[in-house]
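Visitor: I am new to this one. Please show it to me, and then let me ask how each description is justified.

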Amino acid sequence: MASSQSSKYLTLTTTITLALATALSASTALSFYIWRRKSRSLESKVVQLEKSLKSSLDKCCAERQGRIRAQQALRKGLAHPQANNLELSAYPMAPIGIIQSCYSTRNGTPRQPLLVPLARACLIFDPSRVPPASLEGLKEYSHFWIIYVFHLNTNLENLWKQPSKSRFKAKVRVPKLKGGRMGVFATRSPHRPCPIGLTVAKVEAVQNNMVLLSGVDLVDGTPVLDIKPYLPYCDSIEGARVPKWVTEDNLLAVSSVSFSEDFPYTLAECWVKTEKKSLYASPDEFQSLIKQVLSWDIRSLAQRNRPHDYRVEKENGIALGNTSDSDSYQDEKASTHITDQASPIGEITYHLSLEGLDVSYRIDCNGNVLVEKVTISSHVPDNHQKRCNYAVWSDKLRCHIGL
């Protein structure tokens, strides 16, 4: 009986073991099946993602190649325009900043840079186009080049709106040649096919989006297209050749500049009203500016050749004279006020506008200048009267450089 019970127990144990083994095998098989199914699903998704990624990369590559071809075609078209399609070859440009200068009008503005070391201006950049970070490192240079627009040329609008109908003169009168003509590209005349100017200025201070300059030859309101640092090792060319007439600077230099007895009093009266707007620390410094400006004969060619019989036209009752040395008399009319048109040499009163102040002076036939008085100018262009926060940035920059 005991043997029978033992046999039954053994049979039961074996059955249970077999049942457990069968259940375990079934569970393992089920798990393997599920894992296998998930693995195939993941592999399918990976394949789909790889195909999608490849398609996106191919598409981006094709678009990039298309852009490259379009840019190459555009550059080729601009570099080699068809003769009958020159007007369509244009490069869109907009000013990045504007000059706020001590020169209120073209008259008196030097023909070349650095001739008047005290001539100051502030270059104010457009913050929407030029972030302050763009000016980092600029203060480490002593000078930089300025590319700008001759915005006061009288034919500017026609030149841009109707270039095919606009004509420029191939030759212009040169002051140092006493009216002699020279090809426009052999001169620095503002009357050019593309009215773009190039000048150099000294960097006095840099603050936020403003740069204080000196030695400028730019009129107030001049739009600036670009600036570039001056690099002596490559910008200064030793042994450069120029025509002889270019080196004869004394042709435009005056013999002397003196001031009348009443001049200091008239300047003191005006200074009380303009001091906060000035880039100059004192009336004496401003007087030094006047002397530097008038150390050169700023009169036009016509004024120098016919000072005693100079025809003037009137605008709002004010006599106007010539201010440039262009061939066109219409282009020459502008901002030099003169009086006593039939007076002898030395008795004609000329006017120079600096920082909104009208400076009256005379010059005799020997080149001696007498500065008579200063008054508040009533004929300052709008761009000079509408300076935005002029006093604010002026005070900041003056304090920055210790003026």
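Guide: Start with the contacts in the chain. Of those with a separation of 6 or more, 69% are between residues 24 or more positions apart. Keep in mind that the model is a predicted one.

Visitor: What is the chain made of, in helices and strands?

Guide: There are 10 helices and 15 strands in the chain. The chain has 403 residues, and buried ones make up 37% of them. About 24800 Å² is exposed by the chain, with carbon and sulfur atoms supplying 56% of that area.

Visitor: Which residues have the most contacts inside the largest nonpolar core?

Guide: V211 and L289 do, in a core of 53 residues. Leaving aside residues up to four places away in sequence, V211 touches a list of residues that includes A121, L123, F125, L135, F144 and V203.

Visitor: What makes Y280 and F286 an aromatic pair, and why is the pair called edge-to-face?

Guide: In general, the distance of the centres and the angle of the planes describe a pair of aromatic rings. Six aromatic pairs are counted by this rule. In the pair of Y280 and F286 the centres are 6.0 Å apart and the planes stand at 75°. The limit for the centres is 6.5 Å, and an angle over 60 degrees counts as edge-to-face, so both parts of the name apply. Y280 and F286 also belong to one aromatic cluster with W271.

Visitor: Are Y280 and F286 buried or exposed?

Guide: Y280 has 0% relative accessibility, and F286 has 0% as well. Buried means under 20%, so both residues count as buried.

Visitor: How many disulfides does the structure hold?

Guide: It holds zero disulfides. A disulfide would need a pair of cysteine sulfur atoms within 2.5 Å, so no pair of cysteines here meets that limit.

Visitor: Why is C102 called buried or exposed, and what about C365?

Guide: C102 has a relative accessible area of 0%, so it is buried. C365 has 61%, and because the mark for exposed is over 50%, C365 is exposed.

Visitor: How many salt bridges are there, and what makes D58 and K54 one of them?

Guide: A search of the whole structure gives five. The closest N and O atoms of D58 and K54 are 3.2 Å apart. The limit is 4 Å, so the pair counts as a salt bridge. Both residues are in helix α1, which covers residues 2-79, and they are four residues apart, about one turn of the helix.

Visitor: Why do D58 and K54 get separate labels for exposure?

Guide: D58 has a relative accessible area of 44% and is partly exposed, while K54 has 52% and is exposed. The line between these labels is at 50%, so the two values fall on opposite sides of it.

Visitor: How do you know that D297 and R299 form a salt bridge, and are they buried or exposed?

Guide: Their closest N and O atoms are 2.9 Å apart, and the limit of 4 Å is therefore met. D297 has 12% relative accessibility and R299 has 9%. Values under 20% mean buried, so both residues are buried.

Visitor: What does the salt bridge of R362 and E372 tie together?

Guide: The side chains of R362 and E372 meet at 2.4 Å, N to O. R362 is in strand β14 (residues 357-363) and E372 in strand β15 (residues 368-376), so the salt bridge ties together parts 10 residues apart in sequence. E372 has a relative accessible area of 21% and is partly exposed.

Visitor: Which residues other than glycine have a positive phi, for instance in the loops?

Guide: L114 is one of them, with a phi of about 70°. L114 is in the loop between β1 (97-101) and β2 (120-125). N208 also has a positive phi, near 55°, and its place is the loop between β6 (196-207) and β7 (210-214).

Visitor: Why is L114 called partly exposed?

Guide: The relative accessibility of L114 is 42%. Partly exposed covers what is between the 20% and 50% marks, so L114 gets that label.

Visitor: Where is P243?

Guide: P243 is in the loop between α3 (232-235) and α4 (244-247). P243 has 42% relative accessibility and counts as partly exposed. The C-alpha atoms of P243 and A186 are separated by 9.5 Å, and the two residues are 57 residues apart along the chain.

Key: Residues numbered from 1 in each chain as written. Predicted model: local features only at pLDDT ≥ 70, side-chain atom pairs only at ≥ 80, totals over all residues. Heavy atoms only, no water. Phe/Tyr/Trp six-rings, centres within 6.5 Å; stacked < 30°, edge-to-face > 60°. Buried < 20%, exposed > 50% of the residue type's maximum accessible area, 1.4 Å probe, protein only. Helix = DSSP H or I, 4+ residues; strand = E, 2+ residues; numbered from the N terminus. Contact = heavy atoms within 4.5 Å. Areas by Shrake-Rupley, 256 points an atom, 1.4 Å probe, with all protein chains shown as cover. Core = buried A, V, L, I, M, F, W, Y, C linked by side-chain atoms within 4.5 Å.
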